[in-house]
Amino acid sequence: MTGVLVLAGTPIGDVSDAPPRLVNELATADVIAAEDTRRLRRLTQALGVTPAGRVLSYFEGNEVGRTPELVEALLGGARVLLVTDAGMPSVSDPGYRLVAAAVEAEVKVTAVPGPSAVLTALALSGLPVDRFTFEGFLPRKAGDRSRQLAEVAAEPRTMVFFEAPHRIAEALTAMAEAFGPERPAAVCRELTKTYEEVKRGPIGELASWAAEGVRGEITVVVAGAPPAGPAELTPAELARRVAVREEAGERRKEAIAAVALELKLPKREVFDAVVAAKNEAATSS
């Protein structure tokens, strides 16, 4: 029989947040693949558990080479526990390659749910959480970062980003340029730790605050783009939105209905805009 790959969430700050199942998995797994074996040692000591299985490192620098070794152990019947420094494996941390390889090898994959910086920050942000996107870490280079932010500037859902403390001021400044300085946001740092802090306000103000220096693990939550105002919803803009959906594979009727629903407009108004755009294109050609 094949083994089982267990993805385990670890505390993002307060070690007492560790679920009882994590303690049991740490004590009984045949193999523990850890992003940082030293941090794993500190975690097991804090939890009062002694791993019985083999412990090995599994991080960005060696995951390509080590994945086949772990899959071989799984195919041999081992119970492999994957843990990262904090939070859930695969979420901006090592794990995706191993999960994909295990699924391809038809090995069972399960999870021990645990603390999540993404969900914790969302809940504390005070921003809408009914729909959101996780954008991970922004590119380090200024040009790449600006391009990525431009791509999501019109995103209507709340967005969550991870960022390093030494880049947070630059990142917030770039967000203010891409989204506008008045876009509401929250900077959440050191979540569940002693010096936990949630700073809320317009991105422009947060960028100025961060310029003085910010320490700790940081998660940024940004409000989605507000609905387009009446002045922006010209017939040409309505026709463009329908065209984008058609290019993505939707039938014109479905695209018109979707745009009308999204913008809370009568379908007839959107339909007329599409017809007008079509007639204008025919006349100009």
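This report covers a five-stranded sheet, a helix packed on it, and one helix pair in a predicted model.

Residues are numbered from 1 along each chain as its sequence is written. Because the model is predicted, local features need pLDDT of at least 70, side-chain atom pairs count only at pLDDT 80 or more, and totals for chains, interfaces and linings use all residues, while side-chain values use heavy atoms, without hydrogens and water.

**Sheet**

The open sheet has the strand order S3-S2-S4-S1-S5 and parallel pairing. Helices (H or I, at least four residues) and strands (E, at least two) are DSSP runs numbered from the N terminus; two strands pair if DSSP finds at least two bridges between them. S3 and S5 are the edge strands, each with a single partner, so one side of each has no neighbour in the sheet. The twist averages 20° from one strand to the next. S2 and S3 run parallel and are joined by four bridges; Ala34 stands opposite Ser57 in S3.

| Strand | Residues |
|---|---|
| S1 | 4-8 |
| S2 | 31-34 |
| S3 | 54-57 |
| S4 | 79-83 |
| S5 | 108-112 |

Helix H3 (residues 63-75) packs on the sheet and touches S1, S2, S3 and S4, contact meaning heavy atoms within 4.5 Å. The direction of H3 makes about 155° with that of S3.

**Helix pair**

The axes of H7 (residues 168-179) and H8 (residues 203-210) come within 8 Å and cross at roughly 160°. Axes are lines fitted to C-alpha atoms, for helices over the stretch in contact, and angles run from 0 to 180 degrees between N-to-C directions. H7 is therefore roughly antiparallel to H8 (over 145 degrees). Residues in this contact include Leu172 and Phe179 of H7 and Leu206 of H8.

Notes
Parallel < 35°, antiparallel > 145°, perpendicular 65-115°, else oblique.
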